[in-house]
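Reader: Please take a close look at the cysteines of this chain. I would like the geometry, the placement and the surroundings in one connected answer.

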Amino acid sequence: IHGNTIMQGPYTFTVTAEMLPHPAIAINTMTIDGATQGDGLNILIGESIQWRYTVTNAGNVVLSNVTVIDNIAGVTPAYVSGDTNNDGTLDLAETWIYEASGTANTGNYTNTATATGTPIMGAAVTATDGSSYFGVDPQIKIVESSNVDDMDILPGTSITWTYTVTNLGNVALSNVTVTDSVSGVPPVYVIGDTNNDGKLDLTETWIYEANGTSIVGTYLSTGTASSSYSDSANHSRTATAKDTSSYFGADPGFSVSMVCKADSEPIPQEGPALFMVTFENTGNVPLTITADEGIGIFTPAVGESVSYEVSQAGPFSGQETVANTVNASSSFTDDAYQVWSAAPTADASCRVGSRVNVLKLTQGMVDPTKTWTFSIWAGVDGFGGIQLATSSTNGDPDGIIDFGNLNLDRRSTYTLCEENI
């Protein structure tokens, strides 16, 4: 051998570099999401993805024992196709395909694949190639609040609801909307898109507001923030979040009524007159009520009625009725320091009873020697009725039959009957 020339007998051979064995292998790693493939894709987390490893023979000799591995644990490339002559060796014109499957994770993902092949002579050859994607996790957050959160407030109070929307994910969000579960309360965007690109960026806080007035009873609203994102493969996902705000619309109120106490009419002229005063809490919050006529201070629960007996001293001689009035008052201060107050009154009257005396004359004159006895009966006649009282002259020199403190009702009918005739 002389240089690149082989001399043997009458033959001479010249060996060039191209004729020397030069084993080499190449690999290209690609990430696939649906119909889209490439490096640096944005892929929604949880999406099923594939990695495709394309292996070629970059040398000038066939390679055997070809293997492909991925540096990420759990990602195992598997041979798919390419060995056209099924001889188990990577020929110069062949392209072998390997694939692995997985699920997109959050954030930056980078993997490196290594292809290895062994030539007929010499050491094994290797090649590496990497691929990457960004696992997109669209998330949104909303905090709903108001100037009366968790308060007891009077109806008609002005309310401003504030909806604070932030991005909890790792990618800017498009088509952000905010709605309220209560009809007639439409949140309106106020501020927050600092770069005016129409996207909720990771560092931005968007503010929405709605206005209204308080109503009676428990109020609960739910604010909902929604947004959308489409990844490199045009797969879309909607991010949604909810939060609530509440208050209680206090509606204080009470009624007072007064009547002559049942079964006490007609009241005796000596008195007392008895009245029944009833208070009812007609609102939806407890109240402390103050009333005169000796009633004082009391606190009825919601829907509770309480009654008190009021006595008015006599005498009531010469009066047909006795009237009385009760004055009551109450106030309520809500959590916004707004004050409600009321001071109703109620009145009633009781009928005063009548008295009866009988002057008995004998032939036009009082005769103390005679005794006359009379009875008063309830009803239009005394037969079968109720005998109320009996009295006699019994030597009374003035001839007046006195029935004492018999209390008669002006609205009723009575019968006076002489006894023993």
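Author: What follows covers the disulfide first, then the cysteines' exposure, then a set of paired strands.

The model is predicted. A search of the whole structure turns up one disulfide. Its partners are Cys260 and Cys350, with sulfur atoms 2.0 Å apart. That lies within the 2.5 Å cut-off for a disulfide. The torsion about the S-S bond of Cys260 and Cys350 is about 115°, so this disulfide is right-handed. The pair links distant parts of the chain. Cys260 belongs to strand S21 (residues 254-260). Cys350 belongs to strand S28 (residues 345-351). The two cysteines are 90 residues apart. A disulfide is a covalent bond between the sulfur atoms of two cysteines.

Now exposure. Buried means under 20% relative accessible area. Cys260 has 12% relative accessibility, so Cys260 counts as buried. Cys350 has 0%, so Cys350 is buried too. Cys417 has 22% relative accessibility and therefore counts as partly exposed.

Next, the paired strands. Strand S12 (residues 125-136) pairs with strand S5 (residues 41-44) in the parallel sense, over four bridges. Within that contact, Asn42 has Phe134 of S12 as its bridge partner. S12 also meets strand S11 (residues 107-118), and these two run antiparallel, joined by 11 bridges. Thr114 stands opposite Thr128 in S12. S11 and S12 form a hairpin with six residues between the strands. In that hairpin, Gly122 takes a positive phi near 95°.

Note on methods. Residues numbered from 1 in each chain as written. Predicted model: local features only at pLDDT ≥ 70, side-chain atom pairs only at ≥ 80, totals over all residues. Heavy atoms only, no water. Pairing = 2+ DSSP bridges. Buried < 20%, exposed > 50% of the residue type's maximum accessible area, 1.4 Å probe, protein only.
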